Amino acid sequence: MEVFKGAKKTLAENKIGLLYFEVTFMDMYKNLPSFSSLYDVAIDNGFELITIYPLKYRNDKAGWTDVLFKHKSYK
């Protein structure tokens, strides 16, 4: 979430075409933002979810994955 905060101006100016980052679905590290909060930031800044890469599992539960978002104006 700190990266999004630091890129607030750049995101607002539509200077970023793609977002690629890892998301987690379980408590693996302290203070990680939820997938839904990261998703909301991307959507609120004009991005669309393109793909969710294959999930990694831990103890038979979805643990983490990478996601790719594309800005609606990016060609």
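## Pocket, core and a few residues worth a look

Strand β1 is the top contributor to the lining of the largest pocket, giving five residues. Keep in mind that this is a predicted model. β1 also gives the most to the largest nonpolar core, with three residues. Below is a quick tour of the pocket, the core, two loop residues with positive phi, and R58.

**The largest pocket**

- The space inside the largest pocket comes to about 280 Å³.
- Its lining is made up of 14 residues, and the ones nearest the centre are M1, V3, F4, F21 and L38.
- Helix α1 (2-6) and strand β1 (18-24) each put at least two residues into that lining.
- By type, the lining of the largest pocket splits into eleven nonpolar residues, one polar and two charged.

**The largest nonpolar core**

- Eleven residues make up the largest nonpolar core: F4, A7, L11, L19, F21, V23, L38, A42, F47, V67 and F69.
- At least two residues of this core come from each of β1, α3 (35-44) and β4.
- F4, F21 and L38 belong to this core, and they also sit among the residues nearest the centre of the largest pocket.
- Leaving aside residues up to four places away in sequence, L38 is in contact with M1, F4, F21, V23 and P33.

**Two loop residues with positive phi**

- As a rule, residues other than glycine mostly have a negative phi.
- N14 goes the other way, with a phi near 55°.
- You'll find N14 in the loop that runs between α2 (8-12) and β1.
- N14 has a relative accessible area of 44%, so it is partly exposed.
- D60 is not a glycine either, yet its phi is positive at about 60°.
- D60 lies in the loop between β3 and β4 (61-71).
- D60 counts as exposed because its relative accessibility is 78%, and the cut-off for exposed is over 50%.

**R58 and its neighbours**

- R58 belongs to strand β3, which covers residues 56-58.
- With a relative accessibility of 39%, R58 falls in the partly exposed class.
- Once residues up to four places away in sequence are set aside, R58 touches M26, M28 and W64.
- Along the chain, R58 and M26 are 32 residues apart, while their C-alpha atoms are 9.0 Å apart in space.

Technical notes
Residues are numbered from 1 along each chain as its sequence is written. This is a predicted model: local features need pLDDT of at least 70, side-chain atom pairs count only at pLDDT 80 or more; totals for chains, interfaces and linings use all residues. Side-chain values use heavy atoms; hydrogens and water are left out. Helices (H or I, at least four residues) and strands (E, at least two) are DSSP runs, numbered from the N terminus. Buried means under 20% relative accessible area, exposed over 50%, partly exposed in between (1.4 Å probe, protein chains only). Contact means heavy atoms within 4.5 Å. On a 1 Å grid over the protein atoms alone, a cavity is a set of points where a 1.4 Å probe fits but cannot get out, and a pocket is an open set with protein on both sides within 12 Å along at least five of seven lines; lining residues have an atom within 4 Å of a point. Grid points are joined across faces, edges and corners, and a volume is the space filled by probe spheres set on the points. Ala, Val, Leu, Ile, Met, Phe, Trp, Tyr, Cys and Pro count as nonpolar, Asp, Glu, Lys and Arg as charged, and the others, Gly among them, as polar. A nonpolar core is a set of buried Ala, Val, Leu, Ile, Met, Phe, Trp, Tyr and Cys residues joined through side-chain atoms within 4.5 Å.
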